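Here's a small set of exercises to work through with the sequence and the 3D view side by side. Try each task yourself before reading its solution.

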Amino acid sequence: MTPIKLVILDRDGTINEDSDDFVKSPDEWKPLPGALEAIARLNHAGWHTVVVSNQSGLGRGLFEVSDLNAIHAKMHQMLAAVGGRIDAVFYCPHSPDEACQCRKPASGLFEQIADRYGLDLKNVPVVGDSARDLIAGAAVGCEPHLVQTGKGAVYRGRPLSDAFPPTTHVHENLSSFVDFLLSREEEQT
Ligand SMILES: [Mg+2]
Ligand SMILES: [Zn+2]
C-alpha cells in the first residue's frame, strides 16, 4: 500500500493575499498569482492538499463562521475552475488570549489532521509564509517550507531569523515550492 501523499498549506499569505485587516469576506479573498494553478499541479501529480489556518477574526468577533464558509466556498470554486482541489480546511477559531491548543505555533490543527487521516505526519511537507506555521508543523515532524509571499516577503534576499526550524527550505512562492517538490519526486523514482 502506498501511503497518501499529502501537503499541508497555510492559507493567508501562502495561497491568497495576506491582510493586516483580516480576510473577512469572499471579496477580500484574492488568490496570489499562480497559487491555485500550483495546487492543481500538485493534485495532478497525486498529492492531496489540506489547509491549516489561524482564523482569530472569529474569536475577535470580526466575522462569523458563515462568512468563513463563504470565503472557503469561493476558494474551492476558483480552485476547481483550474482543476485543483483542497480536501479539507482545518482552522483555529480562537483569539490569541484564549490560550487554545490549535492556534499556530501550537500544533493542535496538525494533530487533528493526523487523527482524521490516520497518518503519521513525519516528513509531510508544510508550506507557510511565517515562522509560526513551520514551528507548528515541525513539532509533529513535518518538513518545513517557507514561501516568500505574504509575511514571508521580508525574507527575500535576507537570511531567516532564528525563529525558523533549522531545516526550513525557502521558495519564492507556492509555485516554486511545487516545482521543487515535483522535481525531487521525479529524481526519486
Ligand atoms: Mg500565513
Ligand atoms: Zn484554537
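**Exercise 1. Two helices side by side**

How are α1 and α6 oriented relative to each other?

*Solution.* Keep in mind that you're looking at a predicted model. Start by finding the two helices: α1 covers residues 35–44 and α6 covers residues 174–188. Next, look at their axes, which come within 8 Å and cross at roughly 20°. Angles under 35 degrees count as roughly parallel, so α1 and α6 are roughly parallel to each other. The crossing of α1 and α6 has a hand too, and it's left-handed. Finally, pick out the residues that touch: Ala-35, Ala-38, Arg-41 and Leu-42 on the α1 side, with Leu-174, Ser-175 and Val-178 on the α6 side.

**Exercise 2. What's hidden in α1**

Find the buried residues of α1 and say what covers them.

*Solution.* Step along the helix and you'll collect Ala-35, Leu-36, Ala-38, Ile-39, Arg-41 and Leu-42 as the buried residues of α1. Now look at what sits over them: the cover includes β1, β2, α3 (65–81) and α6. Then go past the end of the helix, where Gly-46 follows α1 with a positive phi near 95°.

**Exercise 3. The whole chain**

Work out the order of helices and strands, then judge how compact the chain is.

*Solution.* Count first: there are 6 helices and 6 strands in the protein chain. Reading along the sequence gives β-α-β-α-α-β-α-β-α-β-β-α. For compactness, take the radius of gyration, 16 Å, and set it beside the 16 Å that the globule rule gives for 189 residues; the two are close, so the chain is as compact as a globular protein of that length. As for burial, 38% of the 189 residues count as buried.

**Exercise 4. The sheet**

In what order do the strands of the sheet lie, and which are the edge strands?

*Solution.* Trace across the open sheet and you get β3-β2-β1-β4-β5-β6, with parallel pairing. The edge strands are β3 (88–92) and β6 (169–171), each of which pairs on one side only. From one strand to the next, the twist averages 25°. Zoom in on β1 (residues 6–9) and β4 (residues 125–128): they run parallel and are joined by 2 bridges. Here Leu-9 stands opposite Val-127 in β4. Now add helix α4 (residues 108–117), which packs on the sheet and touches β1, β2 (48–54) and β3. The direction of α4 makes about 145° with that of β3.

**Exercise 5. Backbone oddities**

Track down a cis peptide bond and two non-glycine residues with positive phi.

*Solution.* Begin with the usual case: most residues other than glycine have a negative phi, and most peptide bonds are trans. The cis bond joins Lys-104 and Pro-105, with omega about 20°. Pro-105 lies in the loop between β3 and α4. Ala-99 is in the loop between β3 and α4 as well, and its phi is near 50°. Ala-99 has 9 C-beta neighbours inside 10 Å, so it counts as exposed. The other residue is Phe-22, with a phi of about 70°, in the loop between β1 and α1. Phe-22 has 16 C-beta neighbours inside 10 Å, so it counts as partly exposed.

Notes
Residues numbered from 1 in each chain as written. Chains lettered and ligands numbered in written order. Predicted model: local features only at pLDDT ≥ 70, side-chain atom pairs only at ≥ 80, totals over all residues. Helix = DSSP H or I, 4+ residues; strand = E, 2+ residues; numbered from the N terminus. Rg over C-alpha atoms; globule rule 2.2 N^0.38 Å. Buried ≥ 20, exposed ≤ 12 C-beta atoms within 10 Å, placed from the backbone. Pairing = 2+ DSSP bridges. Axes fitted to C-alpha atoms, helices over the stretch in contact; angles between N-to-C directions. Contact = placed C-beta atoms within 7 Å. Parallel < 35°, antiparallel > 145°, perpendicular 65-115°, else oblique. Left-handed = near helix turned anticlockwise from the far one by under 90°.
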